[in-house]
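The following exercises concern one protein chain. Each task is followed by a solution in steps.

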Amino acid sequence: MTNEKHWYLVYCKPRQERDALANLERQGYTTYLPLMREPRRRQGRRISVISPMFPRYLFVHLDQETDNWGPIRSTVGVASMVRFGQRATPIPESLIACLRAREDEEGLQNVMPDELKAGSRVRILDGPFAGYEGIFQVKTGRERVVVLLDILGRQTRASVEESTLEPVTRR
């Protein structure tokens, strides 16, 4: 009989990852919930929110043979263990190590948004040019950037706040 612990994936109820984490830890389980800071828009303003990197999932460190898995299913915030077939599948230790290595000093995942590059397409979200799409030209400093807009059939340069832009992804 081996006494080896592995990481396993827990599927949580919607928006209850933190509750599940706290309740599992209170029961003595070792858990890991990767968090990240992401920009969101609320009431027309851009704010920074800390949220789970993998919504509805967290990791728990267990021994397949010796740990009691029964209480996990009935823990507040937990929906189920992620299984393939009859048994939960271990998560590679290297994945957890990689996630932890990417954390900053606050314990948040360092997920940098793609840096805007000259020539990339952007959409303006706020201000007098809200809704316009243009081409990112250059960052001018102090949170301002220059965007090339097509207004009435003419290429026009406009200076806008960087925080009002989002990259346009073509599918």
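The exercises below treat the chain as a whole, then a sheet, then two residues. The model is predicted: local features need pLDDT of at least 70, side-chain atom pairs count only at pLDDT 80 or more, and totals for chains, interfaces and linings use all residues. Residues are numbered from 1 along each chain as its sequence is written, and side-chain values use heavy atoms, with hydrogens and water left out.

**Exercise 1.** Determine how the radius of gyration of the chain stands against the globule rule.

*Solution.*
1. Three helices and 14 strands occur in the chain; these are DSSP runs numbered from the N terminus, helices being H or I with at least four residues and strands E with at least two.
2. The radius of gyration, taken over C-alpha atoms, is compared with a rule of 2.2 Å times the number of residues to the power 0.38.
3. For 171 residues the rule gives 16 Å, whereas the chain has 22 Å, well over that value, so the chain is more spread out than a compact globule.
4. Along the principal axes, the C-alpha atoms fill a box of roughly 75 × 35 × 30 Å.

**Exercise 2.** Describe the open sheet of four strands and the helices that pack on it.

*Solution.*
1. The strand order is E2-E5-E1-E6, with antiparallel pairing; two strands pair if DSSP finds at least two bridges between them.
2. Strand E2 (30-32) and E6 are the edge strands, each pairing on one side only.
3. From one strand to the next, the twist averages 35°; axes are lines fitted to C-alpha atoms, for helices over the stretch in contact, and angles run from 0 to 180 degrees between N-to-C directions.
4. E2 and strand E5 (residues 57-63) are joined by three bridges, and Tyr-32 stands opposite Phe-59 in E5.
5. Helix H1 (residues 17-26) lies across E1, E2, E5 and E6, at about 20° to E5.
6. Helix H3 (residues 93-101) touches E1, E2 and E5, and its direction makes about 60° with that of E2.

**Exercise 3.** Is Gly-77 buried or exposed, and which residues does Gly-77 touch?

*Solution.*
1. Gly-77 lies in the loop between helix H2 (70-73) and strand E6 (78-81).
2. Its relative accessible area is 1%; buried means under 20%, exposed over 50%, partly exposed in between (1.4 Å probe, protein chains only). Gly-77 is therefore buried.
3. Not counting residues up to four places away in sequence, Gly-77 touches Cys-12, Lys-13, Gln-16 and Ala-20; contact means heavy atoms within 4.5 Å.

**Exercise 4.** Is Glu-162 buried or exposed?

*Solution.*
1. Glu-162 sits in the loop between strand E13 (154-161) and strand E14 (165-167).
2. Its relative accessibility is 18%, so Glu-162 counts as buried.
3. Its contacts beyond four places in sequence include Leu-116 and Arg-144.
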